[in-house]
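Work through the exercises below with the sequence and the model in view. Try each task before reading its solution.

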Amino acid sequence: MLIDISSCIPLTRHDFSSLPKEGVNVVKRFTAGGIEIIFEKNPPSDSGEDLVYIHYSLIAKSGDDTVCVVSVESLDLRSLASSLGESVKEIQREYGTRGFLAPAHLVIYGNGEKEEMEGLSIELRDEYVLPYMMDFLLDALDCADDVVPLD
């Protein structure tokens, strides 16, 4: 996904129910090429929906507009089981896990679209996830500028 900041459609919570709530559980802030980037850990979804568990999010803002979001997400199997009227054990079997979350994967939101990327093969720790997600975000924004921490 390639996003042209000058002509893209800003993202709102009405676009996708799984977008993260901005400004909650902020870990760090950055800037790159005039874009503010907010790194969040375990933010709730902006819609309040609990079907998707958000491990991490990078939110890119141009002025007041959110132009791109890169998130590491998992499906919450308890919520899925409840909404389907199935047992959690049955859903866990289908997903091949004993935990309550499906395997994590990367998702990119931008210009009115949602693109699900690969599953993660890295450990879910800030120091590994942040550079991994930042690469995807900067590629989506076609930004080659240096990332500068604000905090």
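**Exercise 1: a salt-bridge network**

Task: E127 has a relative accessible area of 44%; state its exposure class, then find its salt-bridge partner.

Solution.
1. Buried means under 20% relative accessible area, exposed means over 50%, and partly exposed lies in between (1.4 Å probe, protein chains only). By this rule E127 is partly exposed.
2. Before going further, note that this is a predicted model: local features need pLDDT of at least 70, side-chain atom pairs count only at pLDDT 80 or more, and totals for chains, interfaces and linings use all residues. Residues are numbered from 1 along each chain as its sequence is written, and side-chain values use heavy atoms, with hydrogens and water left out.
3. A salt bridge is a side-chain nitrogen of Lys or Arg within 4 Å of a carboxyl oxygen of Asp or Glu. The partner of E127 is R125, with the closest N and O atoms 2.5 Å apart.
4. R125 is also a partly exposed residue, at 39%.
5. Salt bridges link E123, R125 and E127 in a network.

**Exercise 2: a salt bridge between distant parts of the chain**

Task: Say which elements are linked by the salt bridge of K41 and D126, and how many residues apart the two are.

Solution.
1. The structure holds nine salt bridges. In one of them the side chains of K41 and D126 meet at 3.4 Å, N to O.
2. Helices (H or I, at least four residues) and strands (E, at least two) are DSSP runs, numbered from the N terminus. K41 lies in strand β2 and D126 in helix α3, 85 residues apart, and the pair links distant parts of the chain.
3. K41 is partly exposed at 33%, and D126 is partly exposed at 23%.

**Exercise 3: strands and their partners**

Task: Trace the pairing of β3, β4 and β5, then that of β1, β2 and β7.

Solution.
1. Two strands pair if DSSP finds at least two bridges between them. Between β3 and β4 there are 10 bridges, in the antiparallel sense. One check is I54, whose bridge partner in β4 is E73.
2. β3 and β4 form a hairpin with two residues between them, and G63 in the turn has a positive phi of about 65 degrees.
3. β4 is joined to β5 by six bridges, also in an antiparallel run. Here V70 has I108 in β5 as its bridge partner.
4. Nine of the 11 residues of β4 are buried, so this strand is mostly covered.
5. β1 and β2 pair antiparallel over six bridges, with A32 opposite I35 in β2. Their hairpin has two residues between the strands, and G33 takes a positive phi near 60 degrees.
6. β1 also runs antiparallel to β7 (residues 148-149), joined by two bridges; T31 stands opposite V148 in β7.

**Exercise 4: the nonpolar cores**

Task: Find which element gives the most to the largest nonpolar core.

Solution.
1. A nonpolar core is a set of buried Ala, Val, Leu, Ile, Met, Phe, Trp, Tyr and Cys residues joined through side-chain atoms within 4.5 Å. The largest has 29 residues; I37, L58, C68, V70, L137 and L141 have the most contacts inside it.
2. Six elements each supply at least two residues of this core: β1 (26-32), β2 (35-41), β3 (52-62), β4 (65-75), β5 (105-110) and α3 (126-140). Of the contributors, α3 gives the most, with nine residues.
3. Contact means heavy atoms within 4.5 Å. Leaving aside neighbours within four places in sequence, L141 is in contact with I3, I5, I35, A60, V67 and C68.
4. A second, separate core has eight residues, including L11, L19, I59 and V69.

**Exercise 5: aromatic pairs**

Task: State whether F16 with Y109, and F39 with Y56, are stacked or tilted pairs.

Solution.
1. Rings of Phe, Tyr and Trp (its six-membered ring) pair if their centres lie within 6.5 Å; planes under 30 degrees apart count as stacked, over 60 as edge-to-face and the rest as tilted. This rule gives three aromatic pairs.
2. F16 and Y109 are 5.3 Å apart, centre to centre, with 55 degrees between the planes, a tilted pair. F16 is in the segment before β1 and Y109 in strand β5, 93 residues apart.
3. Both rings belong to buried residues: F16 at 18% and Y109 at 0%.
4. The centres of F39 and Y56 are 5.6 Å apart and the planes are at 0 degrees, so this pair is stacked. F39 is in strand β2 and Y56 in strand β3, 17 residues apart.
5. F39 is buried at 1%, and Y56 is buried at 3%.
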